[in-house]
Amino acid sequence: MPISLTHLVDRFWALAPDPEGGLGLEATHLAARTLVRAYYLGQLLIAFQHLALWNHYVGLRSIRPLWPVFWASGDSGRDAMLILLLFAAGSCAAAFFPDRIAARAAAFFGCLEFSAFVSSFGTVRHVHHLMLLTSFLFVLIPVRSGRAARDEDRRAYLRGVWGVQCAALLTYSMAGFVKLMTGAWHLATGQGGVLTPAAMALHVANSGIRFGIDAPLADLAIRARILGLPIYLVVLYLELFALPIAFRPRLHRPWGVALVLMHLGISLTLNLFFLSSLFIVGLLLLASPFAPATPGWRAAAGELPLLGRFVRRFAPAPASL
Amino acid sequence: MRPGLYRVFLPLFLAFYGVGGLLTHSRFGGLDLYPLFAWGLYADAPPSETQYTARLLAIDGRALPEPIDVMGTPDFHRAPDYWSDAGVLTRFGAALEAGDAAEAGALRRQFEANVLRDDRVRYEVLKRTYNPLRRRETGAWDEVRLGAFDKDTGAGR
């Protein structure tokens, strides 16, 4: 029997969490609106951080503009200044008026222009990709301004916020998928790779060379190289199964804690500070409006991808009276 | 976006982003289609790494008593956007090695305009290969010179 697009879309949404969450529709909707405003405040902070480097950006001269900044030239610093102001102004507008689609669109446009601009000098800056993706999807959240929100509008809004969570978690799953496939290929062809005990020590040592300075915990990570493979397998698990977590609200906060700790660990061993990623994934998961107030560790562990079935079998939740 | 449209849009967008992003990975030709991205970060751990660097030989017509290794200079790593500066130098070196004259020329212009701030600089581009753990212990690497270049903006004379 052929599978239709409608059927696939229906299956997808059937797996989505209940927009009302465990807090009730009104409280969940309120939490989601607060999350959206906090997101734009965070984007504004990131824009300000770059605005403080205006002297560096206006000094860049030779540009090969990517398509979103086709109009920019490197002859003067005027274009750089304009782009920095667009980024800050758009983020400001959305932080002040997160319910206005024009303000959210301005925030995305500023983010797109900035991200494309800084990627037009010889190397694409992947550090901004998660902010770009989430900023785009936040534009599409259905909001009817000027009217009292009806229940169906609230549910639509919550589905929009959940869509942003899905997209953010998808990027981690993609990272895990590429690591798994590449690692398996290298193992199968005898080329070493990330699924071998030396991988973490090699990454940490090379990072120190590339950055000209060791990360704070680099030495420790290299000395304790025997732990490299288990740590890498945990990271692989966290990343690979990130997207399914979007469908399991009970695991939103635990997974958020784990991903934030992962980013901190990467910073302290590899010198890679994914500031915007840490903020975005931390906010979307730790402040998830869909997460229950008290997840219950046994129930949460029972929903873990792959491992949950063992938890349910060997440590079943007590039967409710 | 209307809720009904969003209901169809979201799963299709996620599928497009996932598949499209993975197709930009180097294993599929590495077609860089901004802003798609494969998220293939630290997916490889080769025992032999490559680093491209520039060694400055003369500034403003005066030979330096000791050549300056750009990648070994603390100030280079403290630049506001070190990652971009290192990225353009790496891609410049890789294009030289691959014999891609057009790409190397474009990246040379960017490197000289945005990273080398002096008006007149003579420098050479080098490729280093090394095992990261061994280099960390012994400081040893193998080095190949990919070319020597003169930056001369004609200014300040």
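**Figure 1. Helix H3(B) and the lining of the largest cavity.** Helix H3(B) makes the greatest contribution to the lining of the largest cavity, namely three residues. The structure shown here and in the following views is a predicted model. The largest cavity holds about 80 Å³ of space. Its lining draws on chain A through His56(A), Tyr57(A), Leu60(A), Val118(A) and Phe121(A), and on chain B through Asp81(B), Ser84(B), Asp85(B), Val88(B), Gln110(B), Asn114(B) and Val115(B). At least two lining residues come from each of three helices: H3 (54–58) of chain A, and H3 (82–98) and H4 (101–114) of chain B. Sorted by class, the lining of the largest cavity consists of six nonpolar, four polar and two charged residues.

**Figure 2. The second largest cavity and its lining in chain A.** The model has two cavities of 30 Å³ or more. The second largest cavity encloses about 30 Å³. Around this space stand Leu60(A), Ile63(A), Ser73(A), Gly74(A), Ser76(A), Asp79(A), Ala80(A), Phe117(A) and Phe121(A). Among these residues, Leu60(A) and Phe121(A) also belong to the lining of the largest cavity. The class count for the second largest cavity is five nonpolar, three polar and one charged.

**Figure 3. The second largest pocket and the helices of chain A that line it.** The volume of the second largest pocket is about 720 Å³. A set of 34 residues forms its lining, and those closest to the pocket centre are Val235(A), Met262(A), Gly265(A), Ile266(A) and Leu270(A). In chain A, two or more lining residues are given by each of helix H7 (151–188), helix H8 (199–211), helix H9 (218–223), helix H10 (228–240) and helix H12 (252–270). The largest share, eight residues, belongs to H12(A). Nonpolar residues account for 25 members of this lining, polar residues for seven and charged residues for two.

**Figure 4. Ser288(A) in the loop between H13 and H14 of chain A.** Ser288(A) occupies the loop that runs between helix H13 (275–286) and helix H14 (297–302) of chain A. Its relative accessible area is 2%, so Ser288(A) is classed as buried. The side chains of Ser288(A) and His252(A) are joined by a polar contact of 2.6 Å. When residues up to four places away in sequence are set aside, Ser288(A) touches Leu35(A), Gln165(A), His252(A), Arg253(A) and Leu283(A).

**Figure 5. Gln51(B) in strand E1 of chain B.** Gln51(B) is placed in strand E1, residues 49–59 of chain B. Because its relative accessibility is 6%, Gln51(B) counts as buried. Leaving out residues up to four places away in sequence, the contacts of Gln51(B) include Ile209(A) and Arg210(A) of chain A. Within chain B, Gln51(B) touches Met71(B), Leu126(B), Lys127(B), Arg128(B), Tyr130(B) and Arg135(B). With Arg135(B), the contact includes a polar one from side chain to side chain, at 3.1 Å. Met71(B) is 20 residues from Gln51(B) in sequence, and the C-alpha atoms of the two residues are 8.9 Å apart.

**Figure 6. Backbone features in the loop between H1 and E1 of chain B.** Pro35(B) lies in the loop between helix H1 (3–23) and E1 of chain B. The peptide bond joining Tyr34(B) and Pro35(B) is cis, with omega at about 5 degrees. Trp39(B) is found in the loop between H1 and E1 as well. Although Trp39(B) is not a glycine, its phi is positive, near 60 degrees. A relative accessibility of 6% places Trp39(B) among the buried residues. Tyr42(B), in the loop between H1 and E1, also has a positive phi without being a glycine, here about 55 degrees. Which class of exposure applies to Tyr42(B)? At 22% relative accessibility, Tyr42(B) is partly exposed, because the buried class ends under 20%.

**Figure 7. The two assigned domains of chain B.** The domain assignment divides chain B into domain 1 (3–42) and domain 2 (49–152). Taken over C-alpha atoms, the centres of domain 1 and domain 2 of chain B are 33 Å apart.

Note on methods
Residues numbered from 1 in each chain as written. Chains lettered and ligands numbered in written order. Predicted model: local features only at pLDDT ≥ 70, side-chain atom pairs only at ≥ 80, totals over all residues. Heavy atoms only, no water. 1 Å grid on protein atoms, 1.4 Å probe; cavity = no way out; pocket = protein on both sides within 12 Å on 5 of 7 lines; lining within 4 Å. Points joined across faces, edges and corners; volume = space filled by probe spheres on them. Helix = DSSP H or I, 4+ residues; strand = E, 2+ residues; numbered from the N terminus. Nonpolar A, V, L, I, M, F, W, Y, C, P; charged D, E, K, R; others polar. Buried < 20%, exposed > 50% of the residue type's maximum accessible area, 1.4 Å probe, protein only. Polar contact = N/O pair within 3.5 Å; in protein donor to acceptor, adjacent residues only side chain to side chain. Contact = heavy atoms within 4.5 Å. Domains from an automatic or database assignment.
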